Amino acid sequence: MSESLLCLGIESSCDETSVAVVRDGREVLSNVIATQIDIHKKYGGVVPEIASRNHVENITYVVKEALEKANVTLDDIDVIGCTYGPGLVGALLVGLSTAKALAYAAKKPLVGVHHIEGHIAANYITHKDLEPPYLCLVVSGGHSHLVHVKDYTEFEILGRTRDDAVGEAFDKVARVIGLGYPGGPIIDKLAKEGEPTYHLPRTYFENLDFSFSGIKTAVLNLNNKEKGNINVNDLCASFEEAVTDVLTTNAIKALKELKLDKIAIAGGVSANSYLRNKFEKLGAENGFKVYYPELVLCTDNAAMIAAATYYNYKNGKISDWNLNAVPNLKIGD
Ligand code: KG4
Ligand code: ZN
């Protein structure tokens, strides 16, 4: 048997049904993503029950397509990995039941993967040279964490948001200004046409925690006060600048405290062009290296879950058949 390990990853924690085949945690053979964004758009956000139903409708087709695109059969797969939390419980259960059924039928080991560990692992696919230890800033729709990645499966949370996640703030601001869902990519685009002319507050704590509700509320108040007169592009640019200031300030503080010279950004908001550029600029000025995944691997996808599956399996993790979905799973559990 060759040394190489093929992992099939399944992701269904929110509104993307995704299945991928990845070799040795770094090489993507297929990464099929069926997104439900258009379905949830009209409700202004993800409706959990609708998400679960669509996962059920999609999952078997997505598994089939992922195997076909990778040009492999289930027999060729060595390990089956699946997100088991955090996320929407009904949505998670669809991917998890599928993973269990496939693993049981094909007699393959099953590995439960933490969704955030998956986002972090997306960086290993894009950057073949990236190895722990490094600092990771995880910024998604549900999480904003500064994580010390000590090893591939060893994490320490250094700071987290005390209120809204960054992506959540992007989505809420966009909804209130009437820009649609999801807010991140729309704000990213409009901000490029604007200047950060509006003053918005920044919140800092003694430790490395974050808070974004103050920035969000200030945008909403401005929007109410200046009804009709607001320059939307400028407001988007001001919002991005305020959020990025907070994220980069805490990240640099953590890099200094830990004496690390590498930072990876992960999660849906790591797709943000202003945030990426600002980190690149600060990295060049302060002597640290910046990593972020290619765009398709920033938002939810199964390739990142297959990558994390590989490192967990290599570290000896195999899950029991009674593995359950854990909606509020903590990192490291
Ligand atoms: O990681 P993700 O796909 O799902 C979660 O695990 O939450 O992240 C989704 C979040 C949404 O809030 C979306 O608005 C945000 O990522 N996002 C962005 C961009 N693309 C997606 N935020 C800022 N700029 C972007 N370009
Ligand atoms: Zn995610």
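A residue is called buried under 20% relative accessible area, exposed over 50%, and partly exposed in between, using a 1.4 Å probe and protein chains only. By that yardstick Lys259 is exposed, with a relative accessible area of 76%. The model you are looking at is predicted, with local features needing pLDDT of at least 70 and side-chain atom pairs counting only at pLDDT 80 or more, while totals for chains, interfaces and linings use all residues. Residues are numbered from 1 along each chain as its sequence is written, chains are lettered from A and ligands numbered from 1 in the order written, and side-chain values use heavy atoms, leaving out hydrogens and water.

Let us stay with Lys259 for a moment. Its phi is positive, about 55 degrees, although the residue is not a glycine. Lys259 sits in the loop between H8 and E9; here helices (H or I, at least four residues) and strands (E, at least two) are DSSP runs, numbered from the N terminus. Lys107 offers another case, with phi near 55 degrees, again a positive value in a residue other than glycine. The loop that holds Lys107 runs between H3 and E5, and at 74% relative accessibility this lysine counts as exposed.

That loop brings us to the sheet. Five strands form an open sheet in the order E3-E2-E1-E4-E5, with mixed pairing; two strands pair if DSSP finds at least two bridges between them. Strand E3 (27-35) and strand E5 (110-114) stand at the edges with a single partner strand each, so one side of each has no neighbour in the sheet. From one strand to the next, the twist averages 20 degrees. Axes for such angles are lines fitted to C-alpha atoms, for helices over the stretch in contact, and the angles run from 0 to 180 degrees between N-to-C directions.

Strand E4 (residues 79-85) is a good place to look next. Four bridges join E4 to strand E1 (residues 6-11), and the two run parallel; Cys7 has Val79 as its bridge partner in E4. Helix H3 (residues 89-106) packs on the sheet, touching E1, E4 and E5, and its direction makes about 160 degrees with that of E4. Contact here means heavy atoms within 4.5 Å. E4 also runs parallel to E5, joined by five bridges, and Ile80 has Leu110 as its bridge partner in E5. The route from E4 through H3 to E5 is a right-handed β-α-β crossover: with the strands pointing away from the viewer, the path from the first strand over the helix to the second runs clockwise. E4 is mostly covered, since seven of its seven residues are buried. Just past this strand, the peptide bond from Gly85 to Pro86 is cis, with omega near -10 degrees, and Pro86 is found in the loop between E4 and H3.

Now for the metal. The zinc ion (ligand 2) is coordinated by His115 (NE2), His119 (NE2) and Asp300 (OD), at 2.0 to 2.1 Å. Donors are N, O and S atoms within 2.8 Å of the metal (3.2 Å for Na, K and Ca), and water is not among the atoms, so sites may look incomplete. Along the chain the donors follow the spacing H-x3-H-x180-D. Both histidines lie in helix H4 (residues 115-126), four residues apart, about one turn of the helix. His115 is buried at 6% relative accessible area, and His119 is buried at 1%. In the loop between H4 and E6 you will find Pro133, which a cis peptide bond joins to Pro132, with omega about 5 degrees.

Finally, the interior. A nonpolar core is a set of buried Ala, Val, Leu, Ile, Met, Phe, Trp, Tyr and Cys residues joined through side-chain atoms within 4.5 Å. The largest one has 44 residues, and those with the most contacts inside it are Leu137, Phe212, Phe239, Leu247, Ile263 and Phe279. Among the elements that each supply at least two residues are strand E6 (134-139), helix H8 (232-258) and strand E9 (262-266), and H8 gives the most, with twelve residues. Phe279 touches residues including Leu137, Leu247, Ile263 and Val290, not counting residues up to four places away in sequence. A second, separate core of 34 residues includes Ile125, Ala266, Ala308 and Ile331.
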